[in-house]
Amino acid sequence: MSIIIGIRIIIVICIVVIVIIGILLAILVPGMFKYIERAKNKQIEVDARTAFLEAQIEVADAFSVSALDSPLNADKIITEADVSGRIAATYNKENGKLTSFKYQDIGSGKVLEYDMKAKAWKEISGSITENSIVEGTGE
């Protein structure tokens, strides 16, 4: 008789523990998805920043040897930056600086544009069909 009571108590305790674990999971799991999404968005911004820096280096190097008359290779920038996205950039031939820069993450399709005046990234609509870095106007 006491063995049956002991087993029943153990079963009730196990059920209570399972219910508590279920409640904790119901509270914690949605929060974890939010953090995972934020981490993915930050990784896209890091990739965009890396490609931007590589494009700046490429334009500055070409400017320093007066090679801005020949087209710059946007695919090389993506390869050197080791990112999986597309870029669309323009540069000023007179001062060897980027005047606009956009980056599209292939996986998510998000397009980020670097605001040269505010020095900040912002998400924009649209898409980039192919990598390009061309002479443009601006500062």
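Contact here means heavy atoms within 4.5 Å. With that in hand, a good place to enter this predicted model is tryptophan 121. Setting aside neighbours within four places in sequence, Trp121 is in contact with Glu45, Ala48, Arg49 and Phe52, and also with Phe101, Leu112, Glu113 and Tyr114. Trp121 also belongs to the largest nonpolar core, which has 23 residues; together with Ala51, Ile87, Leu98, Phe101, Tyr103 and Ile133, it touches the most other members. Two or more residues of this core come from each of α1 (2-64), α2 (74-81), β1 (85-92), β2 (97-105) and β3 (111-115). Helix α1 gives the largest share, seven residues. As a general point, nonpolar side chains in soluble globular proteins tend to be buried together.

The strands come next. Five of them make up an open sheet with mixed pairing, and their order is β4-β3-β2-β1-β5. At the edges stand β4 (120-124) and β5 (132-135); each has a single partner strand, so one side of each is left without a neighbour in the sheet. From one strand to the next, the twist averages 20°. Strands β1 and β5 run parallel and are joined by four bridges. Within this part of the sheet, alanine 89 is found opposite isoleucine 133 of β5, and Ile133 is one of the core residues named above.

Both helices pack on the sheet, and their partners can be listed in turn. Helix α1 touches β1, β2, β3, β4 and β5, and its direction makes about 145° with that of β2. Helix α2 touches β1 and β5, with a direction that makes about 120° with that of β1.

Which residues of α2 are buried? They are Ala74, Ile77, Ile78 and Ala81. Viewed down the axis of α2, these buried residues fall within an arc of 95°, so they line one face of the helix. Their packing partners are α1, β1 and β5.

The two ends of α2 complete the picture. At the N-terminal end, asparagine 73 acts as a cap, with a side-chain oxygen 3.0 Å from the backbone nitrogen of aspartate 75. At the other end, α2 is followed by aspartate 82, which has a positive phi, near 55°.

Notes
Residues are numbered from 1 along each chain as its sequence is written. This is a predicted model: local features need pLDDT of at least 70, side-chain atom pairs count only at pLDDT 80 or more; totals for chains, interfaces and linings use all residues. Side-chain values use heavy atoms; hydrogens and water are left out. A nonpolar core is a set of buried Ala, Val, Leu, Ile, Met, Phe, Trp, Tyr and Cys residues joined through side-chain atoms within 4.5 Å. Buried means under 20% relative accessible area, exposed over 50%, partly exposed in between (1.4 Å probe, protein chains only). Two strands pair if DSSP finds at least two bridges between them. Axes are lines fitted to C-alpha atoms, for helices over the stretch in contact, and angles run from 0 to 180 degrees between N-to-C directions. The arc is that of the directions from the helix axis to the C-beta atoms. A polar contact is a pair of N or O atoms within 3.5 Å; within protein, one must be able to donate a hydrogen and the other to accept it, and residues adjacent in sequence count only if both atoms are side-chain atoms.
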